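Please look at the sequence and the structure together, and keep both in view while reading the short report that follows.

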Amino acid sequence: MAEAHQAVAFQFTVTPEGIDLRLSHQALSEIYLSGVRSWKKRIIRIKNSVITGVYPASPSSWLFVVIAILATMYTRSDPSMGIIAKIQEHLPVSQSMSSQCQAVLSAVLFSTMLWLLLIFTMRLCLKQLLSYHRWMFEQHGKMSTTTKIWVALVRIFSGRKPLLYSYQGSLPNLPVPAIKDTVKRYLESVRPLMNDTEYERMTKLAAEFEGSLGNRLQWYLKLKALWASNYVSDWWEEYVYLRGRSPIMVNSNYYGMDFLYVTPTPIQAARAGNGIHAFFLYRRKLNKEEIKPLLLRSTVPCCSYQFERMFDSCRIPGSLTDAVQHWKDSDYVAVYHKGRYFRLRVYQAGRLLSPREIEFQIQRILDDPAPPSKGEARLGALTAADRVSWAEARGKYFSSGINKRSLDVIERAAFFVTLDDEEQGTMRDDQPASLDNYAKSLLHGKCYDRWFDKSFSVIYYKNGKSGINAEHSWADAPVVAHVWEYVLATDSFQLGYNEEGHCKGEVDSSLPRPQRLNWEISPECEEQISRSLAVAQALADDVDFHVFSFRDFGKGKIKKCRVSPDAFIQMTLQLAYYRERGIFCLTYEASMTRLFREGRTETVRSCSNESSAFVRALENGEPADVCRRLFRGASEKHQQLYRMAMTGAGIDRHLFCLYVVSKYLGLESPFLKEVLSEPWRLSTSQTSIQQGELFDLVNHPEYISCGGGFGPVADDGYGVSYNFVGENVINFHISCKHSCSYTDAHKFGDQIRKAMNDLLQLLSPNQKESSKTEESQPKVKKEQ
């Protein structure tokens with residue numbers, strides 16, 4: 001137990017001769033350096049708070065204003081119009097201060113007030129400017145004069161070199177749409193899904209709601225919008241995520257994949273060494289707010305508040321509702337390997353361990369032959385089952401003693417690491433099946449070898465492949481994708497490996513060994529773990545997954561057809577689903593609302609009157625010209641719906657909040673109840689590459705993530721995630737459930753492939769697709 005002795009700064013023993021006191025200089029040195037590191041971080045936070053607090057001005061601009069006011073005073077003019085004199089009259093100063101000093105002090109106070117007023121004015125102007133959204137609805141490449149002037153003004157008022165959170169105080173609040181507009185858009189969205197009788201009934205329910213209860217609920221919602229930063233986000237997090245009592249594994253958590261066709265090193269410990277080091281480099285940038293805020297079209301800022309809980313966070317189960325708890329900068333990660341849990345410290349003497357040193361520590365864990373303690377191996381299954389049973393077990397078996405201390409180590413860790421004993425990725429003998437297995441492994445693993453409550457868990461496989469599994473309540477996929485892109489790029493292009501595949505650098509062999517976590521699992525707790533594992537395993541076994549790269553063409557050829565790539569994919573999905581089922585379904589596409597403060601997502605209802613008209617025309621054999629015209633109309637409608645969702649004019653978040661208000665008031669609304677109970681049988685999401693500058697897709701097209709995916713939202717539906725890689729590749733992740741007799745991920749994938757080619761043939765009938773596309777695509781070097 002050398003680690004335990006090193007963790008104690010002093011020891012004393014009471015003897016007949018007195019007290020024998022022994023100090024550990026190493027431990028005291030660690031305490032001192034830890035304190036220095038903590039104070040450095042506090043100073044950085046204070047400095048960043050000041051810079052962000054005065055943005056879009058800068059702290060140095062205060063000195064400029066003071067000098068300007070003092071200079072005008074010495075020219076015997078009064079820029080304050082008597083205010084400085086009034087301040088001087090009421091200044092509580094001692095008699096020893098000269099009148100000249102009093103005048104200077106009064107001028108400094110006036111300058112400070114003027115400076116703060118200018119900051120407030122600039123921030124207010126920027127907030128008003130960022131409330132303008134007409135630029136988004138203008139035709140791509142054609143900017144109106146009004147928008148050009150607006151862009152110039154935004155850049156003037158935006159200041160220079162913004163930090164990650166600099167724009168937070170200037171972002172507009174999410175507006176509350178008018179009841180009549182939301183109801184009208186809702187009825188339009190469900191028209192292709194209902195027959196005349198059903199639609200007439202729904203129209204009556206909507207009219208009754210709009211004319212009576214709706215206005216009352218709207219009043220409360222507008223009151224909240226005036227008071228809160230965002231009238232949706234806190235309720236969305238609480239009621240959609242934290243109050244859900246079903247397992248978060250599969251149902252809520254999502255995953256991200258490694259490079260598809262290349263593995264930087266086949267050595268598991270080395271890959272983990274570089275990866276963990278890169279994560280902590282990112283956290284350092286995050287703490288210093290050096291990460292650039294997301295700017296749409298290099299001008300319009302997006303909200304960054306979701307980054308705050310990325311590290312050192314964990315979802316804590318409760319009987320009625322969970323909670324997301326966030327701690328300050330942990331200096332370690334929690335590691336799982338073959339049924340054992342470890343604490344791996346990544347800081348030594350106040351410095352971040354090098355990748356080679358982390359690899360050395362990881363290898364120590366891999367080489368440790370000790371077996372798991374009684375009940376330890378499958379402990380993680382508690383986080384994979386329903387939340388009530390986990391909350392009860394946590395309170396009963398993990399609320400005190402050694403179990404609480406070990407659980408605290410996991411929950412307070414920077415993040416969770418799994419050293420998986422399997423190999424995953426693209427296998428030569430069966431590439432399609434290997435990708436499907438890879439996706440399922442990242443989504444749920446063995447149901448007990450991930451800690452699904454952590455903000456994110458990183459998985460490193462035996463063959464060097466990696467992946468990430470993220471909890472959904474604290475942030476949406478683009479935020480996790482941002483750190484994952486950084487880690488993949490830093491791992492391969494900055495840190496790299498030596499010729500043997502090990503991390504670069506030297507090793508301090510005196511590093512203390514990773515600390516093994518200890519548990520005392522009672523037989524009753526073991527029974528609960530077994531029950532939780534049975535629930536989780538049944539859920540995992542029911543998931544059907546299919547992942548494939550579509551290489552016939554990519555967004556490059558789609559854009560040549562003068563169509564939005566996202567609209568093209570959404571029309572593809574509508575056509576594929578209709579061909580498989582013969583009906584249309586309620587379709588969910590995630591859109592962000594980060595143009596507003598604390599914005600998260602909104603729903604784009606992709607199944608529209610226009611899209612259904614196009615699909616029917618194509619399937620009924622209408623002339624190509626008619627189908628092309630209908631397709632253009634459907635894709636333009638989809639783009640319009642997407643833009644409206646992004647600019648706060650969506651449907652579902654407004655209706656959701658009205659429903660929450662009705663529940664608080666104890667009122668029943670047949671209309672809202674029916675709206676909120678409708679199943680999303682086709683849930684879709686696009687994962688965009690945000691940091692393309694970190695990758696070289698021209699010379700190294702194989703060095704890019706395959707994207708990520710999620711489980712099906714409805715028991716009888718599909719979950720579809722897709723991402724565009726360069727100009728020639730589109731990756732699809734399709735999920736559904738085996739228990740549903742009419743869903744099949746592989747068959748739906750075949751329908752998507754066919755629909756993709758049929759739509760391109762429709763839009764560009766005279767082009768020779770396959771041969772020219774394959775010749776123009778960069779060659780991807782596949783793994784041996």
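## A mostly covered helix

In this predicted model, helix 23 is mostly covered, since 10 of its 14 residues are buried. The buried residues include Asp-652, Arg-653 and His-654 at its beginning, and also Leu-655, Phe-656, Cys-657 and Leu-658; Val-660, Val-661 and Ser-662 are buried as well.

The helix runs over residues 652–665 and reaches 20 Å from its first C-alpha to its last, which is close to the 20 Å expected at 1.5 Å a residue. Just after helix 23 comes Gly-666, which takes a positive phi of about 70 degrees.

## Val-675 and its contacts

Val-675 belongs to helix 24, which covers residues 670–676. Is Val-675 buried or exposed? Its relative accessible area is 6%, and because the cut-off for buried is under 20%, Val-675 counts as buried.

When residues up to four places away in sequence are left aside, Val-675 touches Tyr-186 and Leu-655. Leu-655 is one of the buried residues of helix 23, and although Val-675 and Leu-655 are 20 residues apart along the chain, their C-alpha atoms are separated by 8.1 Å.

## Confidence in the model

The protein chain averages a pLDDT of 90, and 92% of the residues score at least 70. Over residues 1–10, however, the pLDDT is below 50, and this stretch has 16 contacts in the model beyond near neighbours in sequence.

For residues 768–782 the pLDDT also stays under 50, while the model has 25 contacts for them beyond four places in sequence.

Conventions. Residues numbered from 1 in each chain as written. Predicted model: local features only at pLDDT ≥ 70, side-chain atom pairs only at ≥ 80, totals over all residues. Heavy atoms only, no water. Helix = DSSP H or I, 4+ residues; strand = E, 2+ residues; numbered from the N terminus. Buried < 20%, exposed > 50% of the residue type's maximum accessible area, 1.4 Å probe, protein only. Contact = heavy atoms within 4.5 Å. pLDDT = per-residue confidence, 0-100. Expected span 1.5 Å × (residues − 1).
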